Amino acid sequence: MSLTSSPATERRVAWRVGTVVGVQQETPRSRRITLDVPGWPGSLGGQHVDVRLTADDGYQASRSYSLASAGEGGVIQLAVDRLPDGEVSPYLNDVLAVGDEVEVHGPLGGWFVWQPSASAEPVRPVQLIAGGSGVVPMVSIIRTHVQAGDAAPFRMLYSIRSPADVFFREELAAAESAGLLSTEYVYTREAPPGSTTPAGRITRERFAAALTPAEQEPTVYVCGATPFVEGVLNWALELGHDPKRLRAERYGG
């Protein structure tokens, strides 16, 4: 019997009913949602879940969302960007309230994950590259890194519209203050007041300057809209990064 169909795996990856225990505005277009999920088996940094909604007439819609949380315990956290023409995200942002129930399926994903190195393994740098809400799985990876007190050097390149659109701003700043993360922000539409770098899309030159050099053999995680991911992956390969150390997740068409 394969691992994916074993009884143990079916118990771990299953549909469960979660109760909303917290909601808060994350950015002008997104919301942080905290769920208490009885029987949740825990998750690794970088994993995701499917969220399923069922209407009164029985119609169902489901979407995949990255977990911002990681580790043990029955409480999980999402951060959902509101898509104007979306079917699920407007409900999660505008209607869902504390006390409501939603179905979640997971944890899912085994490739786009990060765990602290075992004591006998060499410490390997980690390079995170996020576009927009693609930072959410990076947050779960960073949380794992911080909680473990891991020694791996962590760098992140974060492309975002404006300072107001930054997800988990305080938590990222705390990790930077603790010396556990170095972040470079690329503001594509509005730069912070006093910035010497004008707003605009990331260039290959700026990407090359911000990326951990290939000779250091970093593990590189990329998440964002498909065009963003494809572009930076091509640049990383051109800069000599080992394709075996490149891990990517995409959203959108």
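Where does glycine 109 lie? I started my notebook with that, and I found glycine 109 in the loop between β6 (101-108) and β7 (126-131). A reminder to myself before going on: this is a predicted model.

**Entry 1: glycine 109**

I next asked whether glycine 109 is buried or exposed. The answer falls in between: its relative accessibility is 36%, and partly exposed covers the range between under 20% (buried) and over 50% (exposed). Glycine 109 therefore counts as partly exposed.

Then I looked at what surrounds this glycine. Once I set aside its neighbours within four places in sequence, I found glycine 109 in contact with Gln47 and His48. I also looked up leucine 44, which is 65 residues away from glycine 109 along the chain. The C-alpha atoms of these two residues are separated by 9.0 Å.

**Entry 2: salt bridges**

How many salt bridges does the structure hold? I noted ten, and I looked up three pairs.

My first pair is glutamate 87 with arginine 63, whose closest N and O atoms are 3.1 Å apart. This pair links distant parts of the chain, 24 residues apart: glutamate 87 sits in the loop between β5 (75-81) and α2 (89-94), and arginine 63 belongs to strand β4 (residues 60-66). I wrote down the accessibility of each partner too. Glutamate 87 has a relative accessible area of 40% and is partly exposed; arginine 63, at 35%, is also partly exposed.

My next pair is aspartate 94 with arginine 82, and here the N to O distance is 2.7 Å. Aspartate 94 is in helix α2, while arginine 82 is in the loop between β5 and α2, twelve residues apart. Aspartate 94 is partly exposed at 48% relative accessibility, and arginine 82 is partly exposed at 29%.

My last pair is glutamate 217 with arginine 124, with an N to O distance of 3.1 Å. Glutamate 217 lies in the loop between α5 (204-210) and β10 (219-225), and arginine 124 in the loop between β6 and β7, so this salt bridge ties together parts that are 93 residues apart in sequence. Glutamate 217 is partly exposed at 41%, and so is arginine 124 at 24%. I recognised the loop of arginine 124 from my opening entry, as glycine 109 lies between β6 and β7 as well.

**Entry 3: the largest pocket**

Which residues lie nearest the centre of the largest pocket? I listed Gly131, Ser133, Gly224, Ala225 and Tyr251, out of 45 lining residues. The elements that each give two or more residues to this lining are β4, β5, α3 (136-148), β8 (154-160), β10, α6 (226-238) and β11 (246-251). Of these, α6 gives the most, with five residues.

I put the volume of the largest pocket down as about 1,200 Å³. Sorted by class, its lining has 18 nonpolar, 15 polar and twelve charged residues.

**Entry 4: the second largest pocket**

For the second largest pocket I noted about 260 Å³ of space. It is lined by 14 residues, and the closest to its centre are Trp114, Gln115, Ser117, Arg124 and Thr219. I was pleased to meet Arg124 again here, having already noted its salt bridge with glutamate 217. By class, I counted six nonpolar, three polar and five charged residues in the lining of this pocket.

Note on methods. Residues are numbered from 1 along each chain as its sequence is written. This is a predicted model: local features need pLDDT of at least 70, side-chain atom pairs count only at pLDDT 80 or more; totals for chains, interfaces and linings use all residues. Side-chain values use heavy atoms; hydrogens and water are left out. Helices (H or I, at least four residues) and strands (E, at least two) are DSSP runs, numbered from the N terminus. Buried means under 20% relative accessible area, exposed over 50%, partly exposed in between (1.4 Å probe, protein chains only). Contact means heavy atoms within 4.5 Å. A salt bridge is a side-chain nitrogen of Lys or Arg within 4 Å of a carboxyl oxygen of Asp or Glu. On a 1 Å grid over the protein atoms alone, a cavity is a set of points where a 1.4 Å probe fits but cannot get out, and a pocket is an open set with protein on both sides within 12 Å along at least five of seven lines; lining residues have an atom within 4 Å of a point. Grid points are joined across faces, edges and corners, and a volume is the space filled by probe spheres set on the points. Ala, Val, Leu, Ile, Met, Phe, Trp, Tyr, Cys and Pro count as nonpolar, Asp, Glu, Lys and Arg as charged, and the others, Gly among them, as polar.
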